Amino acid sequence: MYGNTKPFLSITSAHLLSGLFAFIYVGSIYAFKNARLRFSKRKVNLPEGQARLKLQNERWRDDPDVIKARLLAVTSATLICCLIVFVVMKNSNRDDEFHNLTTDAWLHLGFTWSNALALLITPLLFSGPLYVQFLEKTLPFQKDWNFEDDVLFRFFSIVGLRNYFVAPITEEIVFRACVLTVYHLADASRTKMIFLSPLVFGAAHIHHAFETYHRYGRTATAAKRALISTTIQFTYTSIFGFYCCYLFLRSGSLLPPIAAHMFCNIMGIPQPNYEISLMPHRKLSISAAYLFGIIGFVFMLKPWSYTDGSLYWQRN
């Protein structure tokens, strides 16, 4: 890094900065008044697993005005986090010219192209669900696919813009690009960057427990559900973070993790047992498609993810 063997940051500083990035990102949706949720304080006993109906004057996360405010909040937070990275790099290398420093910051943040094959790794993993969609004739341009419903309404509604564009892009910039940049400046090992930094990403989703608790009635059962669902969400977001960190480091680009994040949000969690229950006569072929995707992913992850010249994964 800049011809200097001494790390620009300590690991402790990198930990603190990554925590700061998470605080800025999550905190932004509470700092903006219109982005905050509002719930009734009344307790409601409900059958287990059933959410209550929305009450008047409440503000839930899927309300259009709440979504709009949150999109503005997280976009602002993302820009602030990138600015902090720039300031940290400037302070770490005072003699560099502004143009060179800006170019270097963009390179560290992954604003560069990647190997095109890196974009195909996640779809390969989802071979099973994609095959099921093929059988259901719901893939693009098949019989039961509709441009208005499956493209315009799904992707360009306010909910779609949040789920498939703004959230994946801003989260990957903050929790992959910004966080991994400061760990790289601290000379953290690849192992630490892959398996430690995503825990911040997982922890950033814990605040959803507040919403779950209120939507399920503010009872002991609701609290239990909030705890369980949040633990599950922390686990799978951290695991997904491991994968996206690996993609980012191997490719040196934000494109693969952003594409993976978008694609996973579109596809949702695979449900092979449910899909087979709907088409039992296709059990063998569906199982084979899932197996093909898993095996292909395992064997192609390493060769397809690497981009020649990656800042973070130099080959000897």
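Where is histidine 205 found? Histidine 205 sits in the loop between α9 (198-203) and α10, where helices (H or I, at least four residues) and strands (E, at least two) are DSSP runs, numbered from the N terminus.

Before I go on, a word on the model. This is a predicted model, in which local features need pLDDT of at least 70 and side-chain atom pairs count only at pLDDT 80 or more, while totals for chains, interfaces and linings use all residues. Residues are numbered from 1 along each chain as its sequence is written, and side-chain values use heavy atoms, with hydrogens and water left out.

Back to the loop. Histidine 205 is buried, with a relative accessible area of 11%; buried means under 20% relative accessible area, exposed means over 50%, and partly exposed lies in between (1.4 Å probe, protein chains only). If we leave aside its neighbours within four places in sequence, histidine 205 is in contact with Glu171, Gln233 and Thr237, contact meaning heavy atoms within 4.5 Å.

Histidine 205 also leads us to the largest pocket, since His205, Gln233, Tyr236, Thr237 and Asn265 are the residues nearest its centre, out of 48 that line it. I should define the term with some care: on a 1 Å grid over the protein atoms alone, a pocket is an open set of points with protein on both sides within 12 Å along at least five of seven lines, whereas a cavity is a set of points where a 1.4 Å probe fits but cannot get out, and lining residues have an atom within 4 Å of a point. The volume of this largest pocket is about 1700 Å³, a volume being the space filled by probe spheres set on the points, with grid points joined across faces, edges and corners. Helix α11 gives the most to the lining, with 10 residues.

Next comes helix α10 itself, residues 208-215, whose buried residues are His208, Glu211, Thr212 and His214. These buried residues pack against α11 (220-251), and just after α10, glycine 217 takes a positive phi of about 105°.

Within α10, which pair of residues forms a salt bridge with its closest N and O atoms 3.4 Å apart? The pair is glutamate 211 and arginine 215, where a salt bridge is a side-chain nitrogen of Lys or Arg within 4 Å of a carboxyl oxygen of Asp or Glu. The two partners lie 4 residues apart, about one turn of the helix. An α-helix has 3.6 residues a turn, so residues three or four places apart point the same way. Glutamate 211 is buried at 8%, whereas arginine 215 is partly exposed at 26%, and both belong to a network of salt bridges that also includes Arg61.

By this rule the structure has 7 salt bridges. Among them is the one between glutamate 58 and arginine 52, at 2.6 Å from N to O, in which glutamate 58 is buried at 6% relative accessibility and arginine 52 is buried at 9%. Another joins lysine 54 to aspartate 63 at 2.7 Å; here lysine 54 is partly exposed at 40%, but aspartate 63 is buried at 13%.

Finally, the cysteines. How many disulfides does the structure hold? There are 0, a disulfide being a pair of cysteine sulfur atoms within 2.5 Å. The sulfur of cysteine 81 is 5.4 Å from the closest cysteine sulfur, in cysteine 178, and this is too far for a bond.
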